[in-house]
Amino acid sequence: MAGTFRFTFGPWNIHEGADPFGPTVRPAIAFEKKLPLYRELGFEGVQFHDDDAVPNLNQLAPAQVLAAAKDVRRQLDAHGLTAEFVAPRLWEDPRTIDGGYTANDPACRQYAIDRSRQAVDIANALGTKLIVLWLAREGTYLREAKDSKVAVERIAAAIDVLLKHDPEIRIAIEAKPNEPMDHTYIPTTGHAIGLAALTVAPERVGVVIESAHAILAGLDPSDEMGYALACKKLWSVHLNDQNGLKFDEDRAFGAVDLRRALNQVRILDAHGYGNHGEWVGLDVKAIRTQKPEAALKHLRNSRAVFLRLLELSRGISQTRWAELVADRDYEELDMLILDALMGAKG
Ligand code: XUL
Ligand code: MN
């Protein structure tokens, strides 16, 4: 069954270019000014951190937070846009220096749980039932700082609180092996799916897979996706690209390795991704050198590359492919794929 593809990105994907060694290089664009760009670029969905929707939410009373979120919902409606998910931002507050759910200080753990509960309320106000957990600081710089068994149990217990807070929400865990931490407790898709089994509602805990995060773990993103699809847990994807084991580059989809990108498109399309409302998220950033007036091209290009690879993938002769697999002629299969990528007639 072929897939159905609708695209989404987050406001942070229109980015001012700051990195750990230098300041911003492009002016900030206000959220309200970003919204009209979505449709122009061919995107219908918006991904949110809780404070992308409600800035400074720690300074607001619960009723003010909800009113602000409802206002964002009205803006989305006015632009014909849908909220895909809300992710609690648990990595910037001073109370999350040592992690959120796994912080050694119980008061800090409680802050992380309270803040996540609020993210669920914001999601409801925005009209989505999907929560993403990127467990940014749930790890260590030195292993002796935390007990890994206790840490995993604490993450599961925090997820339980959220699952009970709203019996309709689903939680997609975004695994990443490192950065900002040296070691994280949920580094891969397999870990995330295993964690689901430790919660009170495993059927409501799945994954969002980011290509760059899989590559940083030394894994192939399309195989990670295949694993999650087999487990019926692939609830979103963050497609992008990554030049080896470096920092998380969030390069435009397909910019580094077109074949690796093709295989991601192919596995999604082969198994009907999107037919149950799943979105194709593009978690991409413009490279820092990009001038302000050209700093949206990474989004336009990533979507275009996805759609062209989809066409290319569907255009490869399935009969020829099956013959080569049956004949175990993988060298010729290699050439079939390379020919397709090089634009030769298949
Ligand atoms: C971090 C990352 C985040 C998540 C959302 O590497 O990918 O943007 O996607 O919190
Ligand atoms: Mn991501």
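**Chat about helix H1, strand E8 and the manganese site**

Me: Which parts do the buried residues of H1 pack against?

Reply: They pack against strand E1 (7-9), strand E2 (45-49), helix H2 (50-53) and helix H3 (62-78). Contact here means heavy atoms within 4.5 Å. Helices (H or I, at least four residues) and strands (E, at least two) are DSSP runs, numbered from the N terminus.

Me: Anything I should know about the model before going on?

Reply: This is a predicted model, where local features need pLDDT of at least 70 and side-chain atom pairs count only at pLDDT 80 or more, while totals for chains, interfaces and linings use all residues. Residues are numbered from 1 along each chain as its sequence is written, chains are lettered from A and ligands numbered from 1 in the order in which they are written, and side-chain values use heavy atoms, with hydrogens and water left out.

Me: OK, which residues of H1 are buried?

Reply: In helix H1 (residues 31-40) those are Phe-31, Lys-34, Leu-35, Leu-37 and Tyr-38. They cover an arc of only 165° around the axis, which puts them on the same side of H1. That arc is taken from the directions from the helix axis to the C-beta atoms. Buried means under 20% relative accessible area, exposed over 50%, and partly exposed in between (1.4 Å probe, protein chains only).

Me: And what's on the face turned away from the buried side?

Reply: That face of H1 carries the exposed residues Lys-33 and Glu-40.

Me: Switching topic: how many residues of E8 are buried?

Reply: Six of the six in strand E8 (residues 205-210). Val-205, Val-207 and Ile-209 point one way, and Gly-206, Val-208 and Glu-210 the other way.

Me: Which way does E6 run against E8, parallel or antiparallel?

Reply: Parallel, with three bridges joining strand E6 (residues 170-174) to E8. E8 also pairs with E9 in the parallel sense, over four bridges. Two strands pair if DSSP finds at least two bridges between them.

Me: Now the metal. What are the protein donors of the manganese ion (ligand 2)?

Reply: Glu-174 (OE), Glu-210 (OE), His-238 (ND1) and Asp-283 (OD), lying 2.0 to 2.2 Å from the ion. Donors are N, O and S atoms within 2.8 Å of the metal (3.2 Å for Na, K and Ca); water is not among the atoms, so sites may look incomplete.

Me: Where do His-238 and Asp-283 lie?

Reply: His-238 lies in strand E9 (residues 234-239) and Asp-283 in the loop between strand E10 (280-282) and helix H10 (297-315), so the pair ties together parts that are 45 residues apart in sequence. His-238 counts as buried at 1% relative accessibility, and Asp-283 is buried with a relative accessible area of 7%.
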